[in-house]
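Work through the exercises below with the sequence and the model side by side. Each task is followed by a solution that goes step by step.

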Amino acid sequence: MKDTDYELGALVYGIDRIERARKTIGRRRHTDKVGNDWTPQEGWRHPFVVGVHGKAVLDYSEDGARYQVNGYTHGGHHLYRREFASLDAALRNGTRVANDGPTPAERAEAWNLTYPEGQMVRYWTGAREGAGETGRTRSAAWVAEGHTAVVFVTGHGSWVGLAHVDPIPETEAER
């Protein structure tokens, strides 16, 4: 048996799992359980559910042994992944995953992958009221005290939570 035979077998197994998931979703589109309103999208193989923080897409793990729900921003950037042992668990938790959004560690990692240190930002040190302050990040993002994704910003002596920081595109910052 060649390696390509194994890879083809794994691919066929994965496609079969997704097709079975789509059929199950078609039968369970509207139920009394929270989290079962998955929608098959035309031209896209994987069903999805839209939540407050973004979109959750049903998929299977690379080894094909578990189902996973991948979280994406509304703009399409991949943020996080949650794995479930059964299709039923993935279906029940999809809406919750889409609504909860990423963990602080995942939020910090996504920030660091998207924005370099020195990124021009608008930030608020309290409630997000008014125009806010502008500055540049002076550190990579990290999780402070185990529960909040934060970053240091020039012009402020302490860290600022990423929920209170908006990146300013460089083209806008140059004006």
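The exercises that follow concern a predicted model, and they go from the chain as a whole to single residues.

**Exercise 1. The chain as a whole**

Task: State how many helices and strands the protein chain has, and give their order from the N terminus on.

Solution: Begin with the count, which comes to 4 helices and 10 strands in the protein chain. Next, follow the elements from the N terminus on, where they run α-β-β-β-β-α-α-β-β-β-β-β-β-α. As a third step, turn to burial, and note that buried residues make up 37% of the 175 residues in the chain. Finally, take the contacts between residues at least 6 apart in sequence; among these, 40% join residues at least 24 apart.

**Exercise 2. Pairing of strand 5**

Task: Find the strands with which strand 5 pairs, and say in which sense.

Solution: Start from strand 5, residues 120–123, which pairs with strand 6, residues 133–136, in the antiparallel sense over 4 bridges. Within this pairing, Tyr123 stands opposite Glu133 of strand 6. Then look at strand 10, with which strand 5 also pairs in the antiparallel sense, here over 3 bridges. In strand 10, the residue opposite Val121 is Pro167.

**Exercise 3. The largest pocket**

Task: Describe the lining of the largest pocket, and say which helix supplies the largest share of that lining.

Solution: First establish the volume, since about 580 Å³ of space lies in the largest pocket. The lining consists of 20 residues, and those nearest the centre of the pocket are Thr73, Leu79, Arg107, Ala110 and Trp111. Now assign the lining to elements: strand 4 (78–84), helix 3 (104–114) and strand 10 (165–167) each supply at least two residues. Of the contributions to the lining, the largest share, 7 residues, comes from helix 3. Sorted by character, the lining residues divide into 10 nonpolar, 5 polar and 5 charged.

**Exercise 4. Aromatic pairs**

Task: Classify the ring pair of Trp111 and Tyr115, and then the pair of Trp142 and Trp159.

Solution: A pair of aromatic rings is described by the distance of the centres and the angle of the planes. The count for this model comes to 3 aromatic pairs. For Trp111 and Tyr115 the ring centres are 4.4 Å apart and the planes stand at 50 degrees, so this pair is tilted. Trp111 is buried, with a relative accessible area of 9%, whereas Tyr115, at 27%, is partly exposed. Trp142 and Trp159, by contrast, form an edge-to-face pair, with 5.9 Å from centre to centre and 90 degrees between the planes. Because Trp142 lies in strand 7 (residues 142–144) and Trp159 in strand 9 (residues 159–161), the pair ties together parts that are 17 residues apart in sequence. Trp142 counts as partly exposed at 29% relative accessibility, and Trp159 likewise counts as partly exposed, at 35%. As a last step, add Phe152, which ring pairs link with Trp142 and Trp159 into a cluster.

**Exercise 5. The setting of Asn93**

Task: Decide whether Asn93 is buried or exposed, and locate Asn93 in the chain.

Solution: Locate the residue first: Asn93 is found in helix 2, which spans residues 87–100. The relative accessible area of Asn93 is 18%, and because buried means under 20%, Asn93 counts as buried. To complete the picture, compare sequence and space for Asn93 and Ala56, which are 37 residues apart in sequence and 9.8 Å apart from C-alpha to C-alpha.

Terms used: Residues are numbered from 1 along each chain as its sequence is written. This is a predicted model: local features need pLDDT of at least 70, side-chain atom pairs count only at pLDDT 80 or more; totals for chains, interfaces and linings use all residues. Side-chain values use heavy atoms; hydrogens and water are left out. Buried means under 20% relative accessible area, exposed over 50%, partly exposed in between (1.4 Å probe, protein chains only). On a 1 Å grid over the protein atoms alone, a cavity is a set of points where a 1.4 Å probe fits but cannot get out, and a pocket is an open set with protein on both sides within 12 Å along at least five of seven lines; lining residues have an atom within 4 Å of a point. Grid points are joined across faces, edges and corners, and a volume is the space filled by probe spheres set on the points. Ala, Val, Leu, Ile, Met, Phe, Trp, Tyr, Cys and Pro count as nonpolar, Asp, Glu, Lys and Arg as charged, and the others, Gly among them, as polar. Rings of Phe, Tyr and Trp (its six-membered ring) pair if their centres lie within 6.5 Å; planes under 30 degrees apart count as stacked, over 60 as edge-to-face and the rest as tilted. Two strands pair if DSSP finds at least two bridges between them. Contact means heavy atoms within 4.5 Å.
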